[in-house]
Structure formats: C-alpha cells, structure tokens
Amino acid sequence: MGSLKRRAAIAPLVSCLAMLASCANVEKPITFNAPADLAAIKLIETTMATETNMDKLIGYYADDATVLDIYAPGIYKGRDQIYAGFAPQMAAIQSMTHRVAEMNVATNGNFACAASQIEFDAVLNDGKKMSLSVRQLDAFKKIGNEWKIVQQHISLPIDPKSGAAIIDGPVNARGGIAWSKDPLPGPASTPEEAKAAIRTWMDVGGASTSLDMLMGYYGPGEDILVYDSFASNLRGMKEVRAHYAAIMNSYTDIKLEMPNFVVDSDGVFGVQLDTQRITLSMKDGSTQKLALRQSDCMRKSGDKWYSFLEHLSFAVDPKTGQGVVSF
C-alpha cells in the first residue's frame with residue numbers, strides 16, 4: 001500500500017519533468033540581425049581591418065578556419081597556415097588606415113556573414129605608400145560565447161580586357177541591403193542534412209547548363225548580393241540574371257571539379273567555400289578552363305537552399321599582377 005502511494009506521488013513529478021524536457025527541446029526562435037550580434041560582428045570586422053599584429057589577428061579565427069587570400073596560391077587551412085600566410089604581409093606594413101565603403105551583415109545568432117568592400121591606405125616599412133580596394137566575404141560561427149571566422153574570402157576584381165588585378169580601382173558601393181520581412185524562412189533541417197544538401201547544391205548548381213537552372217540557386221527573394229570575379233556589385237535577381245545571361249549562353253557543356261570544399265550549417269543558415277576547376281565546351285568549338293574561387297552564405301526556404309551573399313574571384317599572380325584565370 002505504501003509503495004502504491006509513493007508511485008502515485010512520483011507520477012506527477014515524472015510528468016512535470018517530461019514536460020520540461022519537451023520544452024527544452026523546442027527550437028529557439030531565430031532572431032535575424034539581433035542588435036548585439038550585429039554590433040559584435042561589425043566590431044570584429046573594423047578591428048581586424050587595420051590590425052597588423054598577427055598574434056592578435058589570429059585570435060579572431062576558428063582553429064579549423066579556411067581562408068582564400070588575394071594572391072595565388074592563396075588558400076590557408078587552419079590557424080597555422082593562416083598565420084604563416086598573413087604574417088609576411090603584416091610585417092611589411094608600418095601603418096595602415098581604412099575606409100569601409102560598404103558592409104552588409106546577416107546573422108541568426110549561430111552563424112553570421114559580412115560582405116564588405118574596404119579601401120586601405122598603407123605606409124610600408126620602406127616608406128612606400130600603397131592603396132588597395134578589396135572585396136571580402138567573412139563567415140562567422142558562434143563558438144562558445146565568441147564569434148570566430150570559419151571561412152574568409154578576400155579578392156581584387158579582375159579587369160575583363162587585360163586580365164590584370166584592379167588594385168586601387170573605384171569602389172562601386174551600393175550601401176545596405178533592404179532585407180525581406182522573413183530573411184531566414186526555414187524550416188530547419190539537421191546540420192548533417194544541411195551540409196549534404198549544400199554539397200549537392202554546389203555539385204549541381206555549380207555546373208548549371210542554363211540560365212534558368214543557375215538562377216534557381218539564388219534568392220528566393222530580392223535581398224541578395226553578388227561580388228563577381230570582375231568589378232560588379234550585383235543586387236537582386238534581375239541584375240544577377242542579366243549579368244550571367246551572356247556567360248550561360250556561351251557554352252554547350254560544363255565539367256566541374258572542386259579540389260577544396262568546406263561547409264558548415266545549423267540547418268537554416270549555411271556557409272560554403274570552395275576552389276573550382278571548370279572546363280567549358282564553348283559554342284565556337286573551343287575549350288576554356290577556369291580556376292575559380294567561390295564562397296556563399298545560404299538560407300533554407302522550404303526544402304531548398306539558396307545563395308543570398310556570394311563572392312566569386314580569381315587569385316592574383318603576385319609577380320605579374322595578372323589574374324590566375326585558368327588551370
């Protein structure tokens with residue numbers, strides 16, 4: 001009898017604990033661009049822009065971060081390579097100032113991306129002055145309570161006629177993106193499912209054979225930005241479509257290899273970075289080989305993934321200043 005009473009007393013407690021566990025497993029609501037997250041990302045970006053002390057700079061990167069730098073070969077994997085790649089560049093600088101021509105940040109509290117155009121003026125140790133205008137797409141992940149860069153893509157645009165890097169060209173700044181009312185619609189998948197879907201997204205979308213097929217990977221709304229390999233700063237589906245129309249109509253077949261590919265996601269927000277070897281069978285019968293780099297910040301809408309911030313570039317030969325366009 002006493003045992004039955006104890007069971008009766010315990011039953012409501014078990015029920016309450018079960019309810020609490022159920023509540024704990026409910027997804028936290030996504031807050032797009034919460035002020036505290038925005039402020040934190042912008043502070044990191046502006047601090048890093050003129051930090052030349054590598055011991056301080058390296059602290060902003062995750063242990064397994066991947067960086068696509070301006071000059072070929074220009075890919076650094078992990079903190080050791082990032083440190084080794086940037087240290088000689090930083091050591092050559094006596095002083096540096098910068099101006100952020102534009103910066104667009106998107107975050108859901110777990111991941112964040114910052115797409116920027118930045119103008120630098122530097123005085124080198126030998127007294128020479130240098131000006132540089134770069135495009136940059138940084139992907140962040142909240143690790144513990146700190147934002148860390150997990151993917152970074154820095155580039156100079158290439159002149160389409162000469163093939164030379166545009167080192168200090170005019171910056172086509174267009175200001176802030178007008179975000180939609182529901183920038184990260186979801187619903188969420190598991191991170192593992194998201195990573196697999198984004199890999200498929202690149203394998204298939206990166207080898208698009210028609211303009212309509214390619215455009216199915218952007219959006220789904222008008223709040224999108226693309227920094228292309230040249231000097232374009234594209235906004236909205238109409239501009240992206242017009243920009244790629246001639247390119248997509250110039251070839252009959254495409255083969256894509258990705259020697260490097262990294263991806264991360266929480267199931268709603270995704271980030272990917274890759275290097276590509278593209279072989280195009282052109283309509284004039286020729287073959288063209290391209291050595292492209294690409295990074296994307298993506299969102300899940302329904303059962304599909306879409307790019308809404310994208311950066312495409314060619315590495316630059318440090319000796320000639322020419323874009324490394326082919327492989």
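The legends below describe close-up views of a predicted model.

**Figure 1. Overview of the predicted chain.**
The chain has 327 residues, and 46% of them are buried. Its secondary structure comes to 7 helices and 12 strands. Along the principal axes, the C-alpha atoms fill a box of roughly 90 × 50 × 35 Å. Of the contacts with a separation of 6 or more, 63% are between residues 24 or more positions apart.

**Figure 2. The aromatic pair Tyr76 and Phe86.**
The whole structure holds 6 aromatic pairs. In the pair of Tyr76 and Phe86, the ring centres are 5.5 Å apart. The planes meet at 80 degrees, which is an edge-to-face arrangement, as the angle is over 60 degrees. Tyr76 belongs to strand E2 (residues 75–77). Phe86 belongs to helix H4 (residues 78–91). The two are 10 residues apart, and the pair links distant parts of the chain. Both Tyr76 and Phe86 are buried.

**Figure 3. The aromatic pair Phe269 and Phe308.**
This pair is also edge-to-face. Its centres lie 5.9 Å apart, with 75 degrees between the planes. Phe269 sits in strand E10 (residues 269–282) and Phe308 in strand E12 (residues 304–313), so the pair ties together parts 39 residues apart in sequence. Phe269 has 0% relative accessibility and counts as buried. Phe308 is buried too, with a relative accessible area of 1%. Ring pairs join Phe269 and Phe308 with Phe32, Phe111 and Trp179 in a cluster.

**Figure 4. Arg199 over the ring of Phe261.**
Arg199 lies over the face of Phe261. The distance to the ring centre is 4.7 Å.

**Figure 5. Helix H4 and its cover.**
H4 has 14 residues. At 1.5 Å a residue they should span 20 Å, and the end C-alpha atoms are 20 Å apart, so the two agree. H4 bends by about 25 degrees at Gly85. A proline, Pro88, follows within four residues of that bend. Gly85 is itself one of the buried residues of H4, with Gly78, Ile82, Phe86 and Met90. The cover over these buried residues includes helix H3 (54–57) and strand E1 (61–68). It also includes E2, strand E3 (93–107) and E6.

**Figure 6. The surroundings of Gln152.**
Gln152 is found in strand E6 (residues 146–155). Its relative accessibility is 2%, so Gln152 counts as buried. Neighbours within four places in sequence are left aside here. The remaining contacts of Gln152 include Phe86, Met48, Tyr61 and Leu273. Thr66, Val67 and Leu68 are also among them. So are Gln136, Leu137 and Asp138.

**Figure 7. Helix H5 and its buried face.**
H5 (residues 191–205) has 15 residues. From first C-alpha to last, H5 reaches 20 Å, close to the 21 Å expected at 1.5 Å a residue. Its buried residues include Ala194, Ile198 and Trp201. Met202 and Gly205 are buried as well. Seen down the axis, the buried residues of H5 fall within an arc of 90 degrees, so they line one face of the helix. What covers them includes helix H6 (211–215) and strand E9 (251–265). E10, strand E11 (287–301) and E12 are also included.

**Figure 8. The surroundings of Ser307.**
Ser307 lies in strand E12. Ser307 is buried, at a relative accessible area of 1%. Leaving aside neighbours within four places in sequence, Ser307 is in contact with Trp201. Trp201 is one of the buried residues of H5. Ser307 also contacts Tyr217, Tyr218, Gly219 and Ile224. Asp296, Cys297 and Met298 are further contacts of Ser307.

**Figure 9. Helix H7 and its cover.**
H7 (residues 236–248) has 13 residues. The helix reaches 18 Å from its first C-alpha to its last, close to the 18 Å expected at 1.5 Å a residue. H7 bends by about 25 degrees at Ala242. Its buried residues are Gly236, Met237, Val240, Tyr244 and Met248. The cover over them includes H6, strand E7 (225–227) and strand E8 (233–235). E9 and E12 are part of this cover too.

How values were computed: Residues numbered from 1 in each chain as written. Predicted model: local features only at pLDDT ≥ 70, side-chain atom pairs only at ≥ 80, totals over all residues. Heavy atoms only, no water. Phe/Tyr/Trp six-rings, centres within 6.5 Å; stacked < 30°, edge-to-face > 60°. Buried < 20%, exposed > 50% of the residue type's maximum accessible area, 1.4 Å probe, protein only. Lys NZ or Arg CZ within 6 Å of the ring centre and 35° of its normal. Contact = heavy atoms within 4.5 Å. Expected span 1.5 Å × (residues − 1). Arc of directions from axis to C-beta. Bend = angle between axes of the 7 residues up to and from the residue.
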